[in-house]
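Q: Could we go through this model together? I should like to start with the charges and the rings.

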Amino acid sequence: MYNKRIVCDLDDTISFTVNRDWENAKADKLVIQKINQFYDKGWDIVILTARGQLSCGGDYTKADKKYRPQIEKWLHDNDVKYHELSFNKPLGTYYIDDKALRPDEFVACLLYTSPSPRDRG
């Protein structure tokens, strides 16, 4: 069954840091604008992060406790609309996924309210 959900990474996707200065991360306004458009059209938005996987030894609960307030503040300050913030992203060198889009591809995509053509076949 088709669902209207976007799962978006946080660090180096919608926020960019210098020397891991999380509080002063720069926002990718174009990606955030597109996320908010989908949110406003009724899509579920999940922000998925691996932040804390190194500093918390892979403990998702510890990472959540340590970084949730900081991330929620950053998301609020940068007007990111979302439904869920998840720390359950494992560290990976690469993520291979048939639904993957790079941020620039996401910004350029049309706002679909039904499955994309490649999902209909």
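Q: Where does the charged end of Lys89 sit?
A: The charged end of Lys89 lies over the ring of Tyr95, at 4.3 Å from the ring centre. A charge counts as sitting over a ring if NZ of Lys or CZ of Arg is within 6 Å of the ring centre and within 35 degrees of the ring normal.

Q: Before we go on, what kind of model is this?
A: This is a predicted model, in which local features need pLDDT of at least 70 and side-chain atom pairs count only at pLDDT 80 or more, while totals for chains, interfaces and linings use all residues. Residues are numbered from 1 along each chain as its sequence is written, and side-chain values use heavy atoms, with hydrogens and water left out.

Q: Back to Lys89, then. Which side chain does Lys89 meet in a salt bridge?
A: Lys89 forms a salt bridge with Asp9, at 3.1 Å from N to O. The term requires a side-chain nitrogen of Lys or Arg within 4 Å of a carboxyl oxygen of Asp or Glu.

Q: Where are Lys89 and Asp9 in the chain?
A: The pair links distant parts of the chain, 80 residues apart: Lys89 is in the loop between β5 (84–86) and α3, and Asp9 is in strand β1 (residues 5–9). Helices (H or I, at least four residues) and strands (E, at least two) are DSSP runs, numbered from the N terminus.

Q: Is Lys89 buried or exposed?
A: Lys89 counts as buried because its relative accessibility is 12%. Asp9, at 21%, is partly exposed. The classes are buried under 20% relative accessible area, exposed over 50%, and partly exposed in between, with a 1.4 Å probe and protein chains only.

Q: And how far is Gly58 from Lys89?
A: Their C-alpha atoms are 9.7 Å apart in space, with the two positions 31 residues apart in sequence. Gly58 is placed in the loop between β4 (44–48) and α2 (60–77), and Gly58 is partly exposed, with a relative accessible area of 36%.

Q: How many salt bridges are there by this rule?
A: The count comes to 8 salt bridges. One of them joins Glu72 and Arg68, at 3.1 Å from N to O. Both residues lie in helix α2, 4 residues apart, which is about one turn of the helix.

Q: Which residues are in a network with Arg68?
A: Salt bridges link Asp64, Arg68 and Glu72 into a network. Glu72 is partly exposed at 33% relative accessibility, and Arg68 is partly exposed at 22%.

Q: What about Glu105?
A: Glu105 has a salt bridge with Arg102, where the closest N and O atoms are 3.4 Å apart. Glu105 is partly exposed, with a relative accessible area of 30%.

Q: Changing topic: how many aromatic pairs does the structure hold?
A: There are 2 aromatic pairs. In the pair Phe38 and Trp43, the ring centres are 4.9 Å apart and the planes are at 85 degrees, so this pair is edge-to-face. Rings of Phe, Tyr and Trp (its six-membered ring) pair if their centres lie within 6.5 Å; planes under 30 degrees apart count as stacked, over 60 as edge-to-face and the rest as tilted.

Q: Are Phe38 and Trp43 buried or exposed?
A: Both Phe38 and Trp43 are buried. Phe38 also forms a stacked pair with Phe106, with 5.6 Å centre to centre and 25 degrees between the planes. That pair joins distant parts of the chain, 68 residues apart, with Phe38 in helix α1 and Phe106 in helix α3 (residues 103–108). Ring pairs thus link Phe38, Trp43 and Phe106 into a cluster.

Q: Which residues does Lys34 touch?
A: Leaving out residues up to four places away in sequence, Lys34 touches Phe106, Val107 and Cys109 (contact means heavy atoms within 4.5 Å). Lys34 is found in helix α1 (residues 29–40), and its side chain reaches the backbone oxygen of Cys109 at 2.7 Å.

Q: What is the nearest side chain of opposite charge to Lys34?
A: That is Asp28, 12 Å away; Lys34 is buried yet has no salt bridge. For charge, Lys and Arg count as positive and Asp and Glu as negative, and His and the chain ends are not counted.

Q: And Cys109, where does Cys109 lie?
A: Cys109 is in the loop between α3 and α4 (117–120). At 19% relative accessibility, Cys109 counts as buried. The C-alpha atoms of Cys109 and Lys34 are separated by 8.9 Å, although the residues are 75 apart along the chain.

Key: A polar contact is a pair of N or O atoms within 3.5 Å; within protein, one must be able to donate a hydrogen and the other to accept it, and residues adjacent in sequence count only if both atoms are side-chain atoms.
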